[in-house]
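Me: I would like to work through this structure step by step, with some reasoning behind each answer. Could we begin with the terms and then turn to particular residues?

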Amino acid sequence: MIRAIFFDIDGTLVSLSTHRIPESAKQALNALRGRGIRLFICSGRPLCAIDNLEEQTFDGFITVNGGICTYNGEVIHRNPIVRPDIESWKSYTRQHNGEGFYITEDRVFMSSRCEATSQFIDLLNFITPEIRTLDELGEEPIFQMVGLFGQDEDGMVTEALPHCRLTRWHPTFSDIIPDNSNKSIGIKALLAHTGIRREECMAFGDGSNDMEMLRFVGTGIAMGGSGSNVIEAADYVTTPTDEDGIWNALRHFSVI
């Protein structure tokens, strides 16, 4: 029996083309609530940048790829990036003219307004953050960084940040999170808090940062159009977001 479902946002619950939740997905969420199934967001976005869920409500949020988890408005898990890696990233960006976004517990900042940051903002219909350098943020804990660099730099960034891991879900940028953090870690924290078992959970995702989540839950569902690595991590592949993917999968498993 399914008792909880976890949804990635961009490219899964929310269309990347319309930046809206499809009507069929809204109907599915309402039907799930009617059955008493608990609904959770599991996203790379920070809570302050989740502004595209319209009128939908959720029982909890796993944000910044598992770095911060809230349940019924209470923060139950935090895992920031260690300071040595923050200092290493400062050096790396100075040497390579790197750009990025920096996420604290309740704010998002960007290094500058340039073509790369504008493309990121436009792709996700993302909030336009305040410009602030890492030096200006001082010792404020940072839970995730978004590095705007291509896949050819992955090895160099990984070497420069030994306590972090990259969760790439786009060719031109990658989330940077603690090496002991991912979406499945956030789910574990929520399940420990609620008493729900992993076998009673379902998850939907479309990006490489969803792979651990899809493997961890009882039923992992990849959206149509996902990369081959995501599809391999899933138990089932549904249709794309804009082709009623959420609704179709839930009907396939007789959850609604």
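Reply: Gladly, and one definition comes before the rest: strands are DSSP runs of at least two residues in state E, and they are numbered from the N terminus. Please keep in mind throughout that this is a predicted model.

Me: With that in hand, which residue in β11 does Arg 168 stand opposite?
Reply: Strands β10 and β11 run antiparallel and are joined by six bridges, and a hairpin through two residues connects β10 to β11. Arg 168 belongs to this arrangement, for β10 covers residues 164–170 and β11 covers residues 173–178. The residue that Arg 168 stands opposite in β11 is Ser 174.

Me: Strand β11 has another neighbour, β9, so which residue of β11 is the bridge partner of Val 146?
Reply: Strands β9 and β11 also run antiparallel, and three bridges join them. Within β11, the bridge partner of Val 146 is Asp 175.

Me: How many of the six residues of strand β11 are buried?
Reply: A residue counts as buried when its relative accessible area is under 20%. Strand β11 is largely enclosed by the rest of the structure, because the number of its six residues that are buried is six.

Me: Turning to charged side chains, how far apart are the closest N and O atoms of Arg 83 and Glu 139?
Reply: Side chains of opposite charge can pair when their charged atoms come close. Arg 83 and Glu 139 form a salt bridge, and this pair links distant parts of the chain, 56 residues apart, with Arg 83 in helix α2 and Glu 139 in the loop between α4 and β9. Arg 83 is partly exposed at 22% relative accessibility, whereas Glu 139 is exposed at 61%. The closest N and O atoms of Arg 83 and Glu 139 are separated by 3.6 Å.

Me: Why are Glu 87 and Lys 90 separated by about one helical turn?
Reply: Glu 87 and Lys 90 form a salt bridge whose closest N and O atoms are 3.2 Å apart. Glu 87 is partly exposed at 37% relative accessibility, while Lys 90 is buried at 10%. The separation of about one helical turn arises because Glu 87 and Lys 90 lie three residues apart in helix α2.

Me: Which strand holds Arg 165, the partner of Glu 212?
Reply: The side chains of Glu 212 and Arg 165 meet in a salt bridge, with an N to O distance of 2.5 Å. This pair joins distant parts of the chain, 47 residues apart, and while Glu 212 sits in helix α7, Arg 165 sits in strand β10.

Me: Which residues are joined into one network with Arg 83 and Glu 87?
Reply: A search of the whole structure finds 20 salt bridges. Some of them share partners, and in this way Arg 83 and Glu 87 are joined into one network with Lys 90, Asp 135 and Glu 139.

Me: Finally, is Asn 65 buried or exposed?
Reply: Most residues other than glycine have a negative phi. Asn 65, however, has a positive phi near 55°, and Asn 65 is found in the loop between β3 and β4. Since the relative accessibility of Asn 65 is 1%, Asn 65 counts as buried.

Definitions and conventions:
Residues numbered from 1 in each chain as written. Predicted model: local features only at pLDDT ≥ 70, side-chain atom pairs only at ≥ 80, totals over all residues. Heavy atoms only, no water. Salt bridge = Lys/Arg side-chain N within 4 Å of Asp/Glu carboxyl O. Helix = DSSP H or I, 4+ residues; strand = E, 2+ residues; numbered from the N terminus. Buried < 20%, exposed > 50% of the residue type's maximum accessible area, 1.4 Å probe, protein only. Pairing = 2+ DSSP bridges.
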